[in-house]
Every structure is written in structure tokens, then in C-alpha cells.
Amino acid sequence: MKLISEVGKYFMMLSQVFSKPERFIIYWRQTVLEADKIGVKSLGIISLLSVFMGAVITLQTASNIDSAWIPIYTIGFTARQTMILEFSPTIISLILAGKVGSNIASEIGTMRVSEQIDALEIMGINSASFLILPKIIAAMFLFPFLIVISMFLGIYAGALVGEWSGVITVTDYAYGIRFDFRTYTVFYALVKTVVFAFIITSVSAFHGYYTSGGALEVGRSSTQAVTNSSVLIILSNYILTQLMLL
Amino acid sequence: MIEVKNISKSFGEHDVLKGISAHFTPGKVSFIIGQSGSGKSVLTKCIVGLLKPDLGEVFFDDRDFYAMTRKQQKTIRKEIGMLFQGSALFDSQTVEENIMFPLQMLGQMSKDEMLDRVNVCLERVNLKDTNHLMPAELSGGMKKRVGIARAISVNPRYLFCDEPNSGLDPQTAIVIDNLIQEITREFNITTVVVSHDMNSVIEIGDDINFIHNGLIAWHGTKDQILNTEHKELNDFVYASEFMQQVRENLK
């Protein structure tokens with residue numbers, strides 16, 4: 001029963017979020033600020049993770065190929081498929097759910113408990129739309145760029161590590177990453193990313209927006225935001241894969 | 001003038017407000033007093049529309065707030081200024097941006113006009129040249145004054161103050177009290193102050209409403225409150241030793 005009521009509250013919040021903005025120019029400015037805060041400032045951690053994951057995928061694939069029947073370029077092929085299909089869109093989104101989601105929930109939750117949201121409402125401003133819409137738009141626009149950068153870095157790091165460690169030459173690796181390449185897989189990955197960006201921002205904002213109490217509850221909202229958005233990412237990942245790949 | 005009629009509000013099984021009626025007149029500082037948990041803040045939130053009452057009506061100069069559409073309610077909200085207990089300044093904005101924010105969102109002013117308005121408001125609350133400070137750099141009293149400046153920046157017809165003196169030293173509390181009174185008189189605002197600080201009540205209260213058991217149990221002026229025979233109000237007013245001595249001196 002509580003779950004149904006929470007889902008209802010979530011959709012009611014969304015209807016408020018997507019109502020007409022009071023001042024378009026202020027919303028636009030807010031969206032640019034959010035793009036910097038939740039998008040650009042996540043670039044460092046995403047780059048680091050992608051580089052090391054690409055390197056590890058290459059080494060692990062190489063260490064598992066012990067049959068002469070399997071061509072060596074399979075290493076490049078596997079690294080590409082893993083990065084594009086799953087690691088960059090899904091795992092990086094899960095990491096962003098932790099970083100960005102907890103940030104959004106605690107920011108909005110703190111605004112709620114310190115009556116800043118009430119102050120917005122008193123001024124006649126649609127607080128849900130003003131606080132949440134710029135975050136959703138910024139994330140849905142910026143996350144695909146982050147994911148493409150992640151794919152590129154992961155695949156590139158795999159090539160470098162393969163060469164340095166002597167498990168595969170750059171030529172073989174390059175052949176592998178070009179082998180049976182379908183651009184649709186990138187489209188699939190980007191669609192997933194946009195859906196995950198919406199889940200991360202809206203679910204985290206929902207938990208922050210309906211926080212009541214004090215610092216303890218803000219912490220709890222932040223944890224719930226990360227947990228619930230992670231679960232929803234995993235579920236929607238399955239549904240989207242079923243719908244788009246098969 | 002603000003008029004509330006038969007406001008009731010419950011949370012689960014707990015009836016907080018049981019049909020409260022009251023009116024608040026322009027140019028006067030009206031107080032809502034009562035013990036902690038008596039429903040003072042709930043009543044204020046019902047009046048300004050942050051909480052929807054289960055029953056009852058709220059009239060802002062004969063305009064029935066809860067009979068209005070969202071859009072019409074917005075027009076009334078633009079006429080309301082509110083000073084929150086914790087000031088509720090936006091942490092990520094400077095003092096200037098905080099005061100300018102409602103003007104940017106709702107007004108039709110140019111940037112220069114808005115800046116002029118910000119400076120007038122800051123001067124009014126004696127905080128000249130603090131434009132570029134962040135809320136974290138302000139003391140509690142300064143935050144309250146910025147809160148007042150933000151509330152009056154939109155030229156409100158109605159001003160609500162929720163525990164304006166909480167957490168302030170007695171001298172700063174008097175400064176804030178006097179500021180609220182001066183602004184009320186100067187702009188002929190309908191001011192409603194929620195407080196349990198008897199010093200404030202005696203200092204600036206023109207009209208006092210005492211809430212007890214979810215109802216307005218007593219209504220009168222600050223002169224009447226000191227000589228009241230109302231038992232619960234007496235217990236509330238003369239709870240401190242200082243006020244008991246005041247009563248002795250009055251006798």
C-alpha cells in the first residue's frame with residue numbers, strides 16, 4: 001500500500017515538475033549551472049574508472065583466451081562490446097546514481113528541512129519545477145556525452161594496456177574493435193543512458209523533496225535515493241535490453 | 001485584513017486546530033502565542049497555504065484563498081512576505097541575490113531597478129554594503145534582517161514572522177522586534193507574528209491571540225494580557241520568575 005502511495009506521489013511531483021516555468025531565462029541559467037555541477041564535475045571520476053576498466057577488461061579477456069582457435073582480435077572485440085553495451089551506460093550510471101543522486105537528494109532535502117522550499121512556495125514559485133526540472137534536463141543532456149567519453153577512454157586504454165603488456169598489438173586490437181561493429185549498439189547505449197539520467201535525477205529529487213525532519217532524515221533520503229535509483233536502473237536496463245536488442 | 005474562519009487541521013488522530021477563527025488588521029502587529037506544539041505554526045502554514053486545512057476558510061481582504069484557482073492563489077502569494085524561524089536564505093546565493101530572487105522570478109523590473117530595490121531594503125534593515133556576503137558569513141541576527149529585507153522587497157501587503165527571535169540574544173531580539181513594528185506601521189502591512197517570547201509580545205504586540213487546545217482561548221491587547229484572569233494564559237505568561245516579579249510590581 002505504501003509503495004502505491006509513494007509511486008502516486010512521485011508521479012504527482014512529476015506533473016508539477018513539468019508544468020510551465022515562471023521565468024524561462026532563470027530556468028535556463030539554472031540548467032547551465034546544473035550541467036556544470038552534475039555533468040562536468042563528474043568527468044574526472046568517470047574518466048578514471050573508464051580507463052582502468054578498459055585496461056582490466058583487456059587483460060582479463062586475454063588471460064581467459066587459451067585456445068588457439070579463438071582469434072586474438074577477440075580481445076579488442078570484447079573490450080568494445082563490454083564498454084559500449086554495458087560498462088559505460090549501465091555501470092557508469094550506477095556510479096553516477098551514487099555521486100549525483102546522493103548530491104541531489106541531500107541538497108533538496110536540506111532545502112526542505114531548512115524551510116527554503118517553503119520560502120519558494122510563499123513567493124508563489126513552483127518549487128518542484130524550479131529545483132528539479134533543470135537537474136533533469138541537465139542530466140539527460142550531459143550524461144550521453146559523459147558515456148561516449150567513457151566508451152572512448154575505456155576502449156583506448158584497452159589498446160594501450162594490450163600493447164604495453166604484450167597481450168595484443170594495436171593493429172589486432174583495432175581490427176577487433178572494428179569487427180562486426182553496428183552503430184545501433186551505440187544508439188541503444190545512449191537511449192539507456194538518457195533513461196538512466198531521468199531515473200537518477202527524478203528519483204533522487206523525489207526523495208529529497210519529500211524529506212521531513214532533520215539531518216538524520218536528510219541522510220536517510222540520500223541513501224534511499226541511491227538505493228532506489230540503482231534498483232530502477234537495473235530493472236529498466238533489463239527491460240530496455242529486451243525491447244531493443246532482441 | 002486577514003480573516004480566518006473555523007480552521008481545523010488534524011494529523012492522523014491528532015486534532016491540532018479545532019475550528020479557529022481570528023482576524024488580523026493592517027498596520028498592526030498581531031501575535032499568535034501559545035505553548036510549543038499548540039498549533040501556532042500549523043495555523044500560520046494554513047493561512048499562507050503551505051498546509052491545506054481540513055475545514056475552514058481564509059480571506060485576504062475578502063478574497064477567499066481556498067476557493068481560488070492555483071493561479072489566483074499565486075497572485076495572493078506575491079503579496080505575502082514571510083520571515084522564517086531559521087531565516088531560510090538560499091545557501092548558494094549572496095545576500096543581494098537572495099533579496100533579488102523574488103523580484104527576478106515574479107517582477108517586471110530591470111536589473112538596475114532591482115539593484116536599487118535591494119539596496120533600499122538592505123538600508124532599511126541596517127545592512128548596507130553586505131550585498132556580496134554569503135549567508136554562511138552572516139550572524140543569526142543578520143540572517144534574520146536579510147530575511148526581513150527579502151520579505152519586504154516585494155512590497156508585501158501581508159507579513160508573516162515565524163519565531164523571529166528564536167536563537168537571538170536579547171538586544172538583537174529587540175532590534176528585530178522594532179524593525180518588524182516599524183515596517184508594519186510604515187507600509188501599513190498586516191503583520192502576523194508567531195512567537196512564545198513574552199518580551200516581544202509586550203514590546204510590539206498590538207493584538208494578541210492565545211492558542212490553547214486547538215482554539216483561540218484568549219484574544220486581547222498587551223495591556224489586557226498582563227491583568228488577565230484566564231488561567232492557562234496566566235500560566236503561560238507568568239511561567240518565568242522574571243514575569244512573576246513583573247506581576248508583583250504591577251500589583
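How many residues of chain A are in contact with how many residues of chain B? In this predicted model, 13 residues of chain A are in contact with 15 residues of chain B. The points below begin with that contact, then turn to a pair of helices within chain A, and end with the two domains of chain B.

**Where chain A touches chain B**
- On the side of chain A that touches chain B, helix α5 (residues 116-122) of chain A gives the most, with five residues.
- Sorted by character, the residues on this side of chain A comprise five nonpolar, three polar and five charged.

**Two packed helices in chain A**
- Helix α1 (residues 2-17) of chain A packs with helix α6 (residues 127-165) of chain A at an angle of about 90 degrees, and their axes are 8 Å apart.
- Because angles of 65 to 115 degrees count as roughly perpendicular, α1(A) and α6(A) are described as roughly perpendicular to each other.
- From α1(A), the residues M13(A), Q16(A) and V17(A) meet A128(A), S129(A), I132(A) and L133(A) of α6(A).
- The residues of this contact of α1(A) with α6(A) divide into five nonpolar and two polar, with no charged residues.

**The two domains of chain B**
- Chain B is divided into domain 1, which covers 1-79 + 156-222, and domain 2, which covers 92-151.
- The centres of domain 1 of chain B and domain 2 of chain B, taken over C-alpha atoms, are separated by 24 Å.
- Between these domains of chain B, 10 residues of domain 1 are in contact with eight residues of domain 2.
- Helix α6 (residues 170-187) of chain B supplies the largest share of the side of domain 1 that touches domain 2, namely four residues.
- That side of domain 1 of chain B consists of seven nonpolar residues, two polar and one charged.

Methods. Residues numbered from 1 in each chain as written. Chains lettered and ligands numbered in written order. Predicted model: local features only at pLDDT ≥ 70, side-chain atom pairs only at ≥ 80, totals over all residues. Domains from an automatic or database assignment. Contact = placed C-beta atoms within 7 Å. Nonpolar A, V, L, I, M, F, W, Y, C, P; charged D, E, K, R; others polar. Axes fitted to C-alpha atoms, helices over the stretch in contact; angles between N-to-C directions. Parallel < 35°, antiparallel > 145°, perpendicular 65-115°, else oblique.
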